[in-house]
Structure formats: C-alpha cells, structure tokens
Amino acid sequence: MTRALELAERAVAAAEGDAVEAVVQAERSGFARFAGSEVHQPTLIENESVFIRVIRGQRAGEAAGNRVDEEGLRGLAARAEEAADASPDDPDLPTPAGASQLPEVAGNDPETAALGPDDQARLAANAIAAAGDIPVYGFFTSGVATVAVVTSMGFSAEQTSTDATALTLAATDSASGYAEQTAWAVRDIDPAAVASEAAEIARRTANADELAPGSYRAVLGPYAIGELLQYFAFDTFSGLALLEERSYLSGKLGERHFDEKVSIADDALDPRGLPKSFDFEGVPKQRVPLVENGVLRGAVWDLSSAARAGDLQRSTGHASPPALRRWGPLPFALSLAGGEAESVDELVELVGDGIYITRLHYLGIVEPRQGILTGMTRDGTFRIRDGKLAEPLVNLRFTVAVPDVLADVPGLTRQTTLANEAAFYDERFAYGALVPAIATGRFDVTGLGGPPGV
Amino acid sequence: MRALCEEAVAAALAAGASYADARAIVRRSQLISTKNRRVDQVDDLESEGIGVRVLVDGAWGFACDRRLDQAGSRAAADRATTFAKAAPGAHDRALAPVEPVEGEYRTPREQDPIDVPLGDKIALCFAAEEAMQNGDIKVTTAFVRAMRERKVLVSSEGSAIEQDFVECGGGIDAMASDGEISQLRSYPSAHEGSSAGAGWEYVLGLGLEREAPRVAEQAAALLRAPVCPPATTTAVIDAEQMVLQVHESTGHPTELDRIYGTEAAYAGTSFIGPGDLGSLRYGSEWMNITADPTTPRGVGTFGYDDEGVPAERTPIVEAGILRGFLTSRETAAKIGSGRGGSMRADGWSRMPLVRMTNLHLEPGEGTLEDLLADVDDGIYFETNKSWSIDDKRLNFQFGTQVAWEIKQGKLGRLLRDATYTGVTPVFWGSLDAVAGPESWVLYGLTNCGKGQPGQHAHVSHGAAPARFRNVQVGVAPS
C-alpha cells in the first residue's frame, strides 16, 4: 500500500459516521515558466491534501485539509462530522461507491515521474533555444499526481498519473504564433518542436489585415476547437446542467442537431489522452457517447446528480475533483472523432474562402442554453482564399452558437491531437481534449481586436 | 511560524541565494451552499504550508512545502535555490528598495465569520431560498463563505510581518426556465456573490432574504422579455457590471508585469506601454481610477503586500490620463519609478504575482435617476452575465443578466440576453457621467485568475453607475 492509499484508509478510520469517503490528492510538480526567452517564474509544488465526506443518516458533511498526522486527521474528521450534524436531511443523498472492477489504464510513466527541477529547466531551455531570434513565452511543466479514494462501503483504490506539457507563444511586437504538446509520457513531448512550430506561425503573421465582421466558413486548428468544445461541454454535457435545464441538450436528447460527421465522447480510458481509471467518488471510468453522427446522445453524471435524476440513471464516473465538486459532474476527457481529411491543407481547400484560426483567447459563455460563446482569436489567424492560406488577420472577436459551428462540417482531419485544457489551478489535475482540426460552414465574426504580437 | 520562515530564509542564503523571502500561511475557509432547499455543500477547508522565493545570480526560484516544521522550511528553501540555479542563461534582476519593517495587520471585525455556527449559516441560506420560490423558478441557490488566514512573511532584508485576515460573503441565484429558455438572476453579484474583508456582520448586512423576492420575480419576468436588440446607443451601466468593466479594462491592463510581457502566453499583455505613463489618454475627464489596498472592507486590503511593501493608495487614472501602474519591486525597479506594493500570492503554494488589490472607479455626482434623465433613447444594463476581453485588453464584450430600455429619461421595457461591446480607450472616452458617492458600492470578487500554475486572487472594486455614449449593444451570432 502506498502512502496516499494508506493516508486515505487512515482518514476513513478517523471519522465516525454511517458511511465515510476519503479522497487523497498528492502532487509533486514543477513549472519552468518563461517570458522573453528567460525562465522567470519557476515553481515547485509538493502537497498532500485529504478530503473527507461523512454521512450520518441522510446528512452529509465535508472537510478538507493538508495536516496528515493523527491529530490533523482527527481534526479534519471532526469538522466533517460537525458539518454533517449541522445539515438537514437530504432524501436523495447517494451511498458512497462500493468495491468494483476497475479498468486498467495507461498514464503513469516512470521517466516523467522522475523529472526534477534540473530536467524541467533543461526542457524549457530546449524550447527557448529552438525559437531562434523570436522571443518565446510559455512553460514546460511536468508532474506526478496520485489520487486515492477509500470508502467505508468497500472501495479502496489509487491511481498515479503523470503529465507533461510544453506550451510556447513565439512573439514580437507585431507577430505571434502558438503551439503546445501534452502527454502523459515526456518522451512524447518535444519542446523544441513546439517552439519551432510557434515561431514558424509567428513569422507568417506580420502586417495583419482587418476583416469585416460577418459569417465566415472557417478551419479551426486543434487548439482552437479543443478550447471551444471544452467551454461548450461544461454546461452542455453535464448531467446536473441537464437536470437544471441550462444545458443545450435540454429537450433535444435523441435528436440530430449536428453534422453527421460529428461524434463526441468523453473517454478517460483512451491511452492517447490523459487516462484515468476511476473518478473522485471511486466510480469506474467509462467511455460515454455524447454525440453520435450528429445525434445528441447523453451527458456525464456523478453519484449525486444521478440520484437526483432518478429513472435508474447511474453515475458515469464523472465526479469532479473536490475543489470543483460544487459544479457537479464535468467532462474532462473530451474526444471529437477524426474525419477523413489527410491534412489541414485539405480542410483549407474544402473551405475555399474563409478564415483559419490557430488559437482562441478568453472565452465567455454568453447563453448556455443556446450554446452561445464569445471570445477572441490570437497567435495565428489567417484568411483563406482560393483554397489556400492567405494573408494574416488581426485578432477577431467572435460570437458563435457552437451548435451552428457543428451543424455544417465540411470535414475533419483524420489525425487527432491532445489539446491541453488545464490551467493548473488548485490541486494538480491535468486534462485535455483529443481533437482533430475541423472545417465549419459557419463562424460568426462580430468585431476586431489588435494585431498579432505582444 | 516566524521562526520557520527565518529558518527557511537562512537556509536559502546558505545555499547561495542573494535574496530570499518566506511566507508561512494557515488558512481555513468554509463554503456553505443550498440549492432547491437542500444542502448542496458544507465544505470546510484548512490548508497550511510555507512558500520560499529566492534570487540566485539574478534568477528567481520558488518552492513550497505543506509541512510547517523545520524539515519543510529547509526543504522548500533548498528546492527553490536548486530551481533558480537550474534556470538557463544569464539573468539580471533588481528590486526597488523597501525599508525593512517589523509589522502587523489585523482585519477589523465584529464577529469572526469562521466562529459562526454552521447551522446558522445553513439557516440563513434556507431563509433566502424560501423567499425566492415562485412558479417559474427552476433552481434557487444561496451560499455563504467565510475565511480566516494567518500569514507570516520574513525576508532576508530584515522584514518580519504578521497579518491576520478574515473574509466572508454570500449571494443568491434564481434560475427561471419555461422549457425553451432559461434566465438567471443573482444578488448581490453574479460572481459567487460578494465578499468583504470584514466579520460576519457583512453577510448579515447583505440582506439576502430581503432581496430574494425581487431576484426571483425578475428571473421569471425575463422569460417573457424580448432580446436586447442590436443598436449603437447610450448605455447606462449599474455599479455591479461597472466593477467587472473596471477589473478587465483598467485593472489587468495596468499590471506592469503584463506590460513587460510576463503573462503573454496565458492572460496576455496590455495595449499600454511603459512610456505611456503620464501621457496616455485612457478615457474622458470623468474617469478616475484608484488602487487602494487600505480600503475598509476590501478583500484586497492588507497592511503589507507579499514583498513586505506597506499598503498605500495610488492613482491609476486621473481625469482620464494614465497616472500609475500596479507594480512589484522588480517591475518598479525596471521602470525606475515607485516601489511595488501589488504583489500577492494565492496561498503558500504559489509565487507572488502583480495583482490588483482594491481598484475603484471614483464616484462623480448625482444619482442613477440623474444619469437616466439625460438619455432620450438607450439601454440600462444590470448585473454581469458573461465577459471576454482580448489579450491586449482592447476589444471586450460583456453580457448582463438583465437590461431595460431607456426612453425619454425613464426605464421602459425589460430586456433579456443583453450584451455590449467596445474597444477600451474608445469606450472609456465615451464616459460622460458617473453617479455620486451615495450610489458607490464596494464589491469583493474571489475568482480573478492569473499565472501558470493558475492562481486565484481576491480583489475588491468600488463603482457607481456610469453612462457611456455611442456604445454597440445587442451583439449576437449573425
């Protein structure tokens, strides 16, 4: 038994209740963050946190902390017990997960786990050196995170996951390009290649033109469609949002609303992503079809939302980390199926006349029920003319109904890319979206920002 | 805690650091929320640890450890020094001088919010929820939060500072749905309510139960309201939405680290250059913005920032001209002006960054009714719903939960899904009135994100309703 699992067992033992659930998150990570081609904010984090949920009758209380000696655990348990005692009965309170058969997944790479500050600084240096004369901004990070879940109902398991990300903005005063790579094994990350890709894009973005607002055909590269899909998914594919009638799916399940080329799943078992075996309540992960050939199929659930839904709805294994539990079940392993296009160039040719978007910035959910989002493009926006990439464009303000973007899809690339979606707030929880590049018949530009560059 | 910080600083110096500071923090926070008259969350979090920041040959290093003991402080110091030494290339970094200080600060409070029994907090939420029930309301939510934090900072330059903070806040949401559309209404703010650096008396003063019926009625009424039409018109914006307008379009762009590019890959940069200080016309003569970490009840209020710089009020924009930046000791030294004072870290496990403290739109004169009276045709916007701004903080688009037509100086029809958009200096240049001190409200936000790894900051903003001419409203997919 490792330290995290042993700690979770001790936490359950420290609490008194009809049922107890403990989640331990242990993290060791390093961020070599750079700006202007200099490492300027290097951060090393080591932490262990314990979350306890105590159920007494139909009452539940939660507490979390990072003092893990006996006195600390007992104090933590006492606070959870006090919270349970202070709460009124909840008739839909779910029983914590019991023992179950867990899927075996990849996602733990010893080489990645062994990376130390010297390695992280070296890999950041590789990115800096590869960009040549264009200053670069970004980071190399790697981490090892262990999640252990133990319940008094018989579930006891832990999973150690590794992750690594190289992310680079290459930029001058008037030009900028962006690239990133994320994987659970550092051998699949090449910071120099990331920086070279970003610099290559940047070199094509000087002297950007403006574009009249309006509706355009467009190609969204993987970083752009990954972020757009993730923001759309937070409300759309959450079982809680469906119950609360703030999801685009409300009243539409089983209906075809997207192009038949569009199939979306949440699949934490896919070794091409950042695999997970079970969720933060101890429920096994499973592949959940969300959209199949354009037909809206379903959402993701945790124990609490499934209990409220009734009708034999079961958790799909999508309980969020304790710090995010308030927001209900969330899809953190989105996967948009690839298409038949052999290259992005082929998508550009399909679009013919339109725009190409490398990356999005600061998305906002304007109207969740209709799936309307706004945001900006940045670091590589181009005009498409005569089926080819043409002149660079200034940053564009867009306001789109994502269902409209997905309703007319001329094509998707066969190849998919794992786009990093984590900003690494709170305890480390790396996640990403596995996506191809996508062509759409409709992308609404509603304003103009500044030119590329910093 | 002070002894552990001193030990960490000594260990870092012994390992080769030319400068070191250590922050030890013990934080306890609670979040209690109820939804549809059931307890949704009763969460009680306690976190403690030490963060050590060092300079070695001009390169920064930062490391942290959850153990508040001798082993933890030494380990953090050693790892921070190792990481700084590993930074590739040559580094040249200076810090603006600050007088070493032995100081203390304590948030004024009548009742420590953590000490209020959980049962009382749940009862308060239930009472507010009960008052929101009506036929069109699908989801009601009420929530309160409380925080207590003890922080000790020791630097190798001789500063030793102990600060004792409390915060608390709360809010309510009502979501109406008719099966086709859904509409949300919140009070006092859409961003997890509003918080203050104060005791529990602040939460009681919010009057959540008192405001609940109005919030629910407006959410229901929005189901039957028309969508805000597209137009270029006069916009009158309430204090709550002005808070976010100030935050996004004047707070972040005046952070000097962004201006120097250190956030370029994530949060972005700024349309402002270091040389714009004192000359850039940011907005009209009615625009006065002040950074003030001494504001009573601010969640960005402190005695000293996380570099030990004493809190002081700083003009950022005066009569529309850029007069100041939010700075650290490093960026102040780089620009050759000021001494820092805006460095803040999200707990013990993150490196301090330049952050907003409390940033205010100073009041003008008159009332909201006075602002409306001078509008023949326009839109009145209230309570933020959506927000987005570009990486240079120029092009923004905001949506509000509710809006009303303004006709001949009076509020007319209720409107839903209202948005407005603009370009920062053009928009602020169209400001022609800010309501007076009686209409000025202080809001505390707890969700300002920045940095990699990500950090949340708690910042307060005061604002009064304001009026802007020639604003593009009603943005929607074509």
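In the predicted model, the hairpin formed by strands 12 and 13 of chain A has four residues between its strands, and A:Gly371 adopts a positive phi near 70 degrees there. Strand 12 of chain A covers residues 354-367 and pairs with strand 13 of chain A in the antiparallel sense, over ten bridges. Within this hairpin, A:Tyr356 lies opposite A:Phe382 of strand 13.

Strand 13 of chain A spans residues 372-385 and is mostly covered, with twelve of its 14 residues buried. Besides strand 12, strand 13 of chain A is joined to strand 14 of chain A (residues 388-392) by three bridges, and these two strands run antiparallel. A:Phe382 stands opposite A:Pro392 of strand 14, in addition to its position opposite A:Tyr356. Strands 13 and 14 of chain A also form a hairpin, here with two residues between the strands, and A:Asp386 in the turn shows a positive phi of about 55 degrees. Strand 15 of chain A (residues 396-401) is likewise antiparallel to strand 13 of chain A, to which it is joined by five bridges. In this pairing, A:Gly375 is located opposite A:Phe398 of strand 15.

In chain B, strand 16 comprises residues 377-389; twelve of its 13 residues are buried, so the strand is largely enclosed by the rest of the structure. Strand 16 of chain B pairs in the parallel sense with strand 9 of chain B (residues 231-237), over four bridges, and B:Ala235 stands opposite B:Ile379 of strand 16. An antiparallel pairing over eleven bridges links strand 16 of chain B to strand 17 of chain B, residues 395-407. There, B:Phe381 faces B:Ala403 of strand 17 as its opposite residue. The hairpin of strands 16 and 17 of chain B has five residues between the strands, among them B:Arg393 with a positive phi near 65 degrees.

Between the two chains, 72 residues of chain B are in contact with 76 residues of chain A. On the side of chain B that touches chain A, strand 2 of chain B (residues 38-56) gives the most, with eleven residues. By class, this side of chain B consists of 29 nonpolar, 29 polar and 14 charged residues. Strand 2 of chain B also takes part in strand pairing across the chains: strand 3 of chain A (residues 59-65) pairs with strand 2 of chain B in the parallel sense, over four bridges. In this pairing, A:Ala64 has B:Leu45 of strand 2 as its bridge partner.

Methods: Residues are numbered from 1 along each chain as its sequence is written. Chains are lettered from A and ligands numbered from 1 in the order in which they are written. This is a predicted model: local features need pLDDT of at least 70, side-chain atom pairs count only at pLDDT 80 or more; totals for chains, interfaces and linings use all residues. A residue is buried if 20 or more other C-beta atoms lie within 10 Å of its own, exposed if 12 or fewer, and partly exposed in between; C-beta atoms are placed from the backbone. Two strands pair if DSSP finds at least two bridges between them. Two residues are in contact if their C-beta atoms, placed from the backbone, lie within 7 Å. Ala, Val, Leu, Ile, Met, Phe, Trp, Tyr, Cys and Pro count as nonpolar, Asp, Glu, Lys and Arg as charged, and the others, Gly among them, as polar.
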